[in-house]
Amino acid sequence: MRTEFSAEQLADPAMATSEQAIRKCVHCGFCTATCPTYVLLGDELDSPRGRIYLMKDMLENERTPSPEVVKHIDRCLSCLSCMTTCPSGVNYLHLVDHARAYIEERHRRPLADRLLRSVLAGVLPHPARLRVALALARLARPLAPLAERFAGLRPIAAMLALAPGRLPARAAQVNASAPVRRGRVALLQGCAEPVLRPEIRAATVRLLNRAGYDVVFAAGEGCCGSLVRHLGRDADSLDAARRNVAAWDRELAGEGLDAIIVTASGCGTTIKDYGFMLRDDPAFADRAARVSALAQDIGEFLLKADLPFDQAPPLTVACQPACSIQHGQKLAGVSRRLLERAGFHVRTPAEVHLCCGSAGTYNILQPEIAGRLGDRKVANLARLGADVIATDNIGCAVQIAARAALPVLHVVELLDWASGGVKPDVLAQIEGSAESPAKAHAPAA
Ligand code: SF4
Ligand code: SF4
């Protein structure tokens with residue numbers, strides 16, 4: 001695409017990066033077929049190509065973002081399905097991140113919107129605050145259907161509906177040694193995952209120990225910054241990145257690390273991008289690049305590890321890899337291979353490439369589109385006649401579990417069980433039934 005950014009504009013590294021992305025786009029439109037919002041809404045302006053036009057016009061002419069432009073950029077899930085499809089290598093991730101930050105700086109949203117976004121940015125990345133918020137949401141949950149009736153309160157209704165019925169106990173966070181030591185890895189503590197599903201971390205630690213790796217939690221590390229990044233809060237996401245880079249750097253300078261392991265693939269995508277995010281910060285650029293190079297999704301790491309899969313649980317697993325695994329980290333197929341290696345029967349749903357609608361805070365900020373995508377995803381999963389659904393990201397697990405009749409687990413929970421670990425509680429209902437509850441819910445073929 002021909003661009004006309006001035007030399008002065010291109011002196012700004014963010015603008016230069018966006019210009020490169022825009023210039024690579026050849027308008028072919030291949031990306032429209034795999035974009036969830038275009039598939040649902042059928043509007044060119046809700047497609048990657050349409051959004052690229054909007055972003056080009058906004059950035060090149062340094063326009064104040066209009067409500068119409070903001071609407072279409074806000075509707076983008078940042079699922080990055082378009083990046084998988086694009087034959088020209090357009091880096092849509094960096095372009096849309098820049099556009100979101102630009103909008104955040106120059107567009108004044110309605111008061112309710114500003115308040116909601118501030119609450120999300122102020123609560124979700126902080127586990128202690130999130131616990132309190134979830135406890136309150138649990139109490140207010142009966143009000144969700146009432147809130148659903150008023151358009152302005154739909155994000156609140158979505159938030160209440162996603163809150164778990166029971167709040168798990170606080171996750172233990174202790175370094176754990178392997179019986180036979182092959183190496184040492186840091187495990188991202190993160191923010192929402194240990195509050196919502198502490199079992200994921202426990203299963204991961206057991207798996208890593210079993211594979212021969214000591215697991216450490218770096219002091220001072222926290223939320224990866226994805227949540228605020230998707231809200232356009234650039235400075236906050238860079239602060240989170242710097243804090244985490246410094247924390248892992250101390251571990252590297254100490255006993256050293258073989259890898260930084262991430263169990264929430266959305267976070268993994270961002271941590272692998274720290275090198276880019278901090279490229280212009282002389283104090284952090286090299287360290288951030290080293291952290292990004294060390295970051296690995298747990299599936300990616302376990303694929304190379306030696307795990308003693310000695311049980312063959314006779315379960316059929318519907319495997320839905322997160323967009324951040326398929327498109328963000330280009331690791332499609334990793335979870336499936338691991339589950340098959342462990343002895344599970346694995347099935348992949350139709351439209352596996354389409355987002356489930358979770359996408360960070362998307363299912364709260366865009367509840368209608370997210371709900372439609374969630375229902376579509378769960379219908380595709382239900383057709384597989386599986387016993388259990390497995391995914392590799394906490395956001396997808398919450399979004400799918402809110403709609404599915406089947407139990408929803410993180411892949412590591414099944415791998416842990418299959419290699420001698422703990423049987424997930426939610427599978428208790430399946431054991432002993434002549435026909436699993438899953439098969440009872442599956443539509444007739
Ligand atoms: S990131 Fe996802 S929703 Fe956004 S334009 Fe690309 S494919 Fe569409
Ligand atoms: S597939 Fe790539 S090059 Fe083609 S329109 Fe989409 S972003 Fe542009």
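**A parallel sheet, its covering helix and the nonpolar core**

In strand β6, V346 is the bridge partner of V317. This pairing comes from a predicted model, and it makes a handy starting point for a walk through the fold. Strand β5 (residues 316–319) and β6 run parallel and are joined by three bridges. As general background, the strands of a sheet pair through backbone hydrogen bonds, in either a parallel or an antiparallel manner.

The sheet to which these strands belong is open and has four strands, in the order β6-β5-β7-β8, with parallel pairing. Its edges are formed by β6 (345–347) and β8 (408–410), each of which pairs on one side only. On average, neighbouring strands of the sheet are turned by 35° against each other, direction ignored. Helix α21 (residues 334–341) lies across β5, β6 and β7 (388–391), and runs at about 170° to β5.

Turning to side chains, the largest nonpolar core holds 127 residues, of which I260, I261, V317, L339, I389 and L414 touch the most other members. V317 thus appears again, here as one of these core residues. Leaving aside residues up to four places away in sequence, L414 touches V317, L339, A342, F344, A390 and L409.

Elsewhere in the chain, helix α5 (residues 67–74) has V69, H72 and I73 as its buried residues. These residues lie on the same side of α5, because they cover an arc of only 100° around the axis. In an α-helix there are 3.6 residues a turn, so residues three or four places apart point the same way. The cover over the buried residues of α5 includes α4 (48–60) and α7 (92–106).

Definitions and conventions:
Residues are numbered from 1 along each chain as its sequence is written. Chains are lettered from A and ligands numbered from 1 in the order in which they are written. This is a predicted model: local features need pLDDT of at least 70, side-chain atom pairs count only at pLDDT 80 or more; totals for chains, interfaces and linings use all residues. A nonpolar core is a set of buried Ala, Val, Leu, Ile, Met, Phe, Trp, Tyr and Cys residues joined through C-beta atoms within 7 Å. A residue is buried if 20 or more other C-beta atoms lie within 10 Å of its own, exposed if 12 or fewer, and partly exposed in between; C-beta atoms are placed from the backbone. Two residues are in contact if their C-beta atoms, placed from the backbone, lie within 7 Å. Helices (H or I, at least four residues) and strands (E, at least two) are DSSP runs, numbered from the N terminus. The arc is that of the directions from the helix axis to the C-beta atoms. Two strands pair if DSSP finds at least two bridges between them. Axes are lines fitted to C-alpha atoms, for helices over the stretch in contact, and angles run from 0 to 180 degrees between N-to-C directions.
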